Structures are given as structure tokens and as C-alpha cells.
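Visitor: I would like to go through this model with some questions about its spaces, its cores and one of its sheets. Please show it first.

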Amino acid sequence: MKTRSGAGHDPIPAKYWDRVPSPVLQCCLGRVLATALLLVGCGQRTTPEPGLRAVSLVPSVTEIVYAVGAGKMLVGNTNQEDFPEAAKTVYKVGDFMSPDLERIVALRPSLVFLTLPMHRSLLEKLAELKIPTYVSRPADIEAVFREIDTVAQLVGRKAVGESLVASMRRRLDSIPSFPDTPRVYVEISGTPLMTAGGGTFINELLLRAGGRNVFASSVQEYPVADPEAVVKADPQVILLLHPDMSVKDVAQRVGWGGISAVRNGLIYDKLDEDLLFRPGPRIVDGVVLLAKLLHPQTTDEH
Amino acid sequence: MRRQSLGWVGLVLLLVSASALSIAVGPGGITGAGISSVMNLRLLRLALGIIAGGVLAVVGASLQGLLQNPLADPFTMGVASGAALGASLTLVMGRTAGAFAPVGGFVGALVTMLVVYALARVRGRVTVTGLVLAGVIMSFLFSSLVMLAMILGRRTLGEAIYMMMGHLGAVFTGTTARLFAAVVVLSIAGCGWLFSMSRSLDIMSSGEEAAETLGVDTQRVTKTVFVVSSVLVGMVVSFTGAISFVGLVVPHLVRMLFGPEHRRVLPGSFVAGAGILLLSDVLARNVVPGGLPLSIVTALVGVPFFIYLLRSRL
């Protein structure tokens, strides 16, 4: 266990802000600048509510915070956070994959939302600095509902969160169960072919939307797909969730001509990937999107 | 002589049995609906494996002879990483550019060749040590840049890993299949060109100065081998990513069978390289569900063999 007295070794020790006269610090560490940027960026918005100063490093949690009407409590987020529009103008603490600890600490957050395993080392450092954290790691849609409730409570919007979850549940339950479940191949990279295994969100979304992931038995989350395994599985629908191949490219793949999806032209690209990969308030939109693709007739009137 | 004939029989048996395994074993099984499509894919994979393994080993053998350096191969020369970077850059530029990844590979390899050449050139002469040092430095730089390109291009880490560690899982469209057909022809021509230089390589193996006193234009031979090697490796890497150790280990194995003469080492290396790469691929794709990057297998086989070589022969 490290001792607090050797504070000089820590990037910014835990209680630094309380002990040192603040004007000097504000100039040195750019807190003023950060706040100013935030205010300029937010335009007409008022200063963050006293009490909660949240930093979100997770796009889906940012979406939740905005969805429950607590967006103005966010004092920092990452370059990847682009929904809703207002999230783009929040002070950026770096990339999702490499957020900057000093920028986070300089914002004096009272809560930092992060995820594992991506932010493991950051989590340890924030714990050392005694900055409260919330780890977002929902494994399925039910867990997303629980997470919305929890995050809503944390930002003081419990009732809004509950009604949001209730409306999402209603929407999810209104998706009918389909008699046929087409085999679906999900491609997340074209060189080499990579797909999603059984433990992934997209796998559950497919199930809810009345589809069967042909790589559901894979133990890896995002395994490399052997091309001949795809041909053998004969998917009825192919979803391209990456930008480097188009429907036309896949239709022209050598040896793929016999695949049902290719023969019947049921290959889809340019889907809104955020609906399918962000476990947040728009996750049910993702299920609806997939259901419409997989069952165009049944969902017409829906 | 008898030893050499036996060696040839062994190498050909190796290639034939590796090819048979490669055709017979795979996640698609050997019977059932759609098996003809599966077989077509396996034949393409077989062709890719033979060309990749053969080219890497022939280039490794040529470079080792040329540089009188047992550690030379397409990777220590930086050419493979340069090709991987070129291919990665075209990939991250979007799907239209992605179809031109092979072209990016050629360009990357050629640019690396020019940079390494410029770095290694001291007072108008390209020295053997200068080349190897420049190659190692460039190889480090380009590996980092592949990672950087993939991260900035918002690609998956998996893509970067397979680009740097190799695979035979390339999916061909009509266009890339035609491109690959051209690569097959060019690869055989390039290996033939290197083979035609066997005599010069033999002489240069005994030392640059000795070669010059024997009337070999060492600068011209060096340049030609280096350019042909870069083009060969650039083409292969753009389809397979960077596969390690085949180019390093196979030539040593073949020299143990045939002795140091390049007119036997080069064709022997092609056959042995193809066979060993195919066997590695059979292991990589069938042992672990979902498959492994090829360099994991080639390194597991290659490193112990190389340590043995270092201890016993070099």
C-alpha cells in the first residue's frame, strides 16, 4: 500500500486541491481554462449544478446521463462521445482508449464513469486519489435497464430513469416473437474476417430481433471467422458492421456465391453501428432496426 | 549425391502431405452441402500458402547469401513491416482504398527498400552491416506505425495484430482474385530471377571483397536482389500480413540437406517454405477454435529450431 505522505510521486495527490491556495493552482493546472471552455462550448447553458461534477469516459453512459436530463452535470467526456449533439461540446479529456488522467483530475470530478477492461489502470489511479468511480459493464439488455436506473439515481434523476426504463421495456416487449429465425452472419472486420461470438451484445440483440447468430457458439467475444466456416454455416442474412466492404464487395467474394444471403440479396451495410454496439438508451432502437431487417413483412405494420 | 536425392524426396513429400492436409482438414468439414464452395476456398488458401511460404523462404535464402548474414530475412530487413504499413494505410483510408491494399503493400515495400538503401549508403557504398542495422530500425518504426494507423483509423486491434502476425484467411473478390493470379505469376518469375543469380550469390557468400576480385559487380547484384526481394515480399505481405521465421529458418534447414550452393538452396527453400507454412496454417486454424495468427505457430516451431542452429552450427 502506498502512503499518502510521499505525495510528490503521484501525478496529482488526493487532497492537493484542499490544501494548496487555489488561485495558483487554477492557473497552473488549467482548471479555469477547462471551466471556461465548458461554458463557451455549452453556449446558453448554465454552470454545472453544484454538488455533482461528472466525467464520463463511456459513450453509452453519456447517452444515459443526457437521456435522464442530467447532461449539464457532465464536465468532461471523451472524443468518441458524439450523441446527443450536446455531448460533442463537453470538455474532452482525451480518447476513449486513452483518457488523460491529469485532465480528469483537473476537472475535480465528484464521479467518473468508466468501463473495464479498457480503463483498468485509470480505475486504480482514481481509487488512489479517492475520486469516486462507477464502472459500466452491462452484459445484457436487462443489465442496461439496471444501469440506467443506477446512473439516474447517481445523478439525482431517479424518477426520470424509472420512466425511461419503463418505456424502453414496453417498446422491447411490443416486438413480436417471430416464427422463423434466420441464420445471421455479423461481420465487424473484413481483413481478416472477424465476427461476434455468443457472449456479445449484438448476439443478444439478434436473438431479441428474431435471428440466430451463426457464430453464437464461439467462446471468444470477437473471433476471427474462417471464410469456409461462414460458407459452411450458410447464413440467410449478412450484416456488415464495418466500413471497408460494401454489399457489392461481399456479393463478389469468391466461393460465397452459394450462400443464401448472397443468392437472395440479403446483405446489409451502412447500418447505424452505435445503435448495436452502445449498451445505452438507444439499445431497443437497435433491436427494432435488426427486427425490421430480418423480418420486413412481419414488422411492416409494427 | 544420394543425400541430395533423399533430401528432395523428403521436401516434396513434405509439400505434398502438407497440401493434402490443408485440403482435407478445415472448419467446413469434408462432406455435406456447399462442400464444393468450401473446396474452392481451400484451393485458394493452398495457393496463397504455397506462394507466401515459398517466396518468404527464397527471399530469406537470397538475403542470407547476399549479406553473408545468417540472421537476414525479409523481417530483419524491414521490408515486411514496410509492406504491412503500406497495406494498413490503404485499409484505413476506407473501403474504396481497401481494395488496393496489395498495391499499398508493393509501395510500402519499395519505399522501405529506398529508405533502408539511403540509410545504409555511406560514401557511395552500401555496406552489409549498414543494411541490416537500417532494416532493424525501420522494422521497429513500421510496426509502431501499423499500430498507429489502425488506432487512428478506428480499426479493431485484431486487424492490426493479424497484419503484423500474418494469416492465410484472405477473402478474395473477383478483382482481388485476378490481382492474386498476377501475384502468383510475378512471384514465380521473381523467384526464377533470384535463381538465375545463384552463381553470383555463391561468390558473394564468401565475402564482398573476394567477390569483387573475382569480377562480380557486387553493387549491381545487391541492388537487384534487394529490389526483386522487396517486390516479392510486398506482394505477399499485402495478402497475408507479416509472417515471421519462415524466411529465417527454412534456408538453414535446406542448407543442412543440400549444402550452401544457391542453385539448390533456392528451389529447396521454395518447396520447404511452402510445406512448412501450410503445416503451420493447418495447426493455426484447426487447433484453437476461431484460429490463431500464423506467426504464433511459426515462431513456436521456428524459435527452438533457430536456437538449435545457433548453438550447434553458427
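Visitor: Which residues lie nearest the centre of the largest cavity?
Guide: This is a predicted model. The lining of the largest cavity is made up of 13 residues. Those nearest its centre are A:Pro227, B:Leu41, B:Arg45, B:Leu168 and B:Ala170.

Visitor: Which element gives the largest share of the lining of the largest cavity?
Guide: Two elements give two or more residues to this lining, namely helix H10 (227–233) of chain A and H2 of chain B. The largest share is four residues, and the element supplying them is H2(B).

Visitor: How many charged residues does the lining of the largest cavity have?
Guide: The volume of this cavity is about 100 Å³. Its lining includes seven nonpolar residues and one polar residue. The charged residues in the lining number five.

Visitor: What is the volume of the largest pocket, and which residues lie nearest its centre?
Guide: The space in the largest pocket comes to about 2000 Å³. Its lining has 44 residues. Nearest the centre are A:Phe96, A:Met118, A:Tyr222, A:Phe277 and B:Thr156.

Visitor: Which helices of chain A and chain B each supply at least two residues of the lining of the largest pocket?
Guide: By class, this lining holds 22 nonpolar, ten polar and twelve charged residues. Both chains contribute helices that supply at least two residues each. From chain A these are H4 (59–67) and H13 (273–277), and from chain B they are H6 (128–152) and H7 (157–165).

Visitor: Is A:Thr78 buried or exposed?
Guide: A:Thr78 sits in the loop between strand S2 (74–76) and helix H5 (101–106) of chain A. Beyond its neighbours within four places in sequence, A:Thr78 contacts A:Ser56, A:Leu57, A:Lys92, A:Val93, A:Gly94, A:Asp95 and A:Phe96. The cut-off for buried is under 20% relative accessible area. A:Thr78 has a value of 0%, so it is buried.

Visitor: In what order do the four strands of the open sheet in chain A run?
Guide: S5 (residues 183–187) and S9 are parallel and joined by four bridges. Two bridges join S5(A) to S8(A), and two more link S9(A) with S10 (residues 267–268). The order is therefore S8-S5-S9-S10, with S8 (212–213) and S10 at the edges.

Visitor: Why is one side of S8 and of S10 left without a neighbour in the sheet?
Guide: Strands of a sheet pair through backbone hydrogen bonds. S8 and S10 of chain A are at the edges, so each has a single partner strand.

Visitor: Which residue of S8(A) is the bridge partner of A:Val184?
Guide: A:Val184 stands opposite A:Val237 in S9(A). In S9 (residues 237–240), A:Val237 and A:Leu239 point one way and A:Ile238 and A:Leu240 the other, and all are buried. In S8(A), the partner of A:Val184 is A:Asn213.

Visitor: Which helix gives the most residues to the largest nonpolar core?
Guide: This core has 80 residues, and B:Leu194, B:Val225, B:Phe226 and B:Leu232 have the most contacts inside it. The helix that gives the most, with 14 residues, is H2 (residues 35–67) of chain B.

Visitor: How many residues does the second, separate core have?
Guide: Residues of this core include A:Met73, A:Leu111, A:Tyr134 and A:Ile188. It is separate, and its residues number 54.

Methods:
Residues are numbered from 1 along each chain as its sequence is written. Chains are lettered from A and ligands numbered from 1 in the order in which they are written. This is a predicted model: local features need pLDDT of at least 70, side-chain atom pairs count only at pLDDT 80 or more; totals for chains, interfaces and linings use all residues. Side-chain values use heavy atoms; hydrogens and water are left out. Buried means under 20% relative accessible area, exposed over 50%, partly exposed in between (1.4 Å probe, protein chains only). Contact means heavy atoms within 4.5 Å. Two strands pair if DSSP finds at least two bridges between them. On a 1 Å grid over the protein atoms alone, a cavity is a set of points where a 1.4 Å probe fits but cannot get out, and a pocket is an open set with protein on both sides within 12 Å along at least five of seven lines; lining residues have an atom within 4 Å of a point. Grid points are joined across faces, edges and corners, and a volume is the space filled by probe spheres set on the points. Ala, Val, Leu, Ile, Met, Phe, Trp, Tyr, Cys and Pro count as nonpolar, Asp, Glu, Lys and Arg as charged, and the others, Gly among them, as polar. A nonpolar core is a set of buried Ala, Val, Leu, Ile, Met, Phe, Trp, Tyr and Cys residues joined through side-chain atoms within 4.5 Å.
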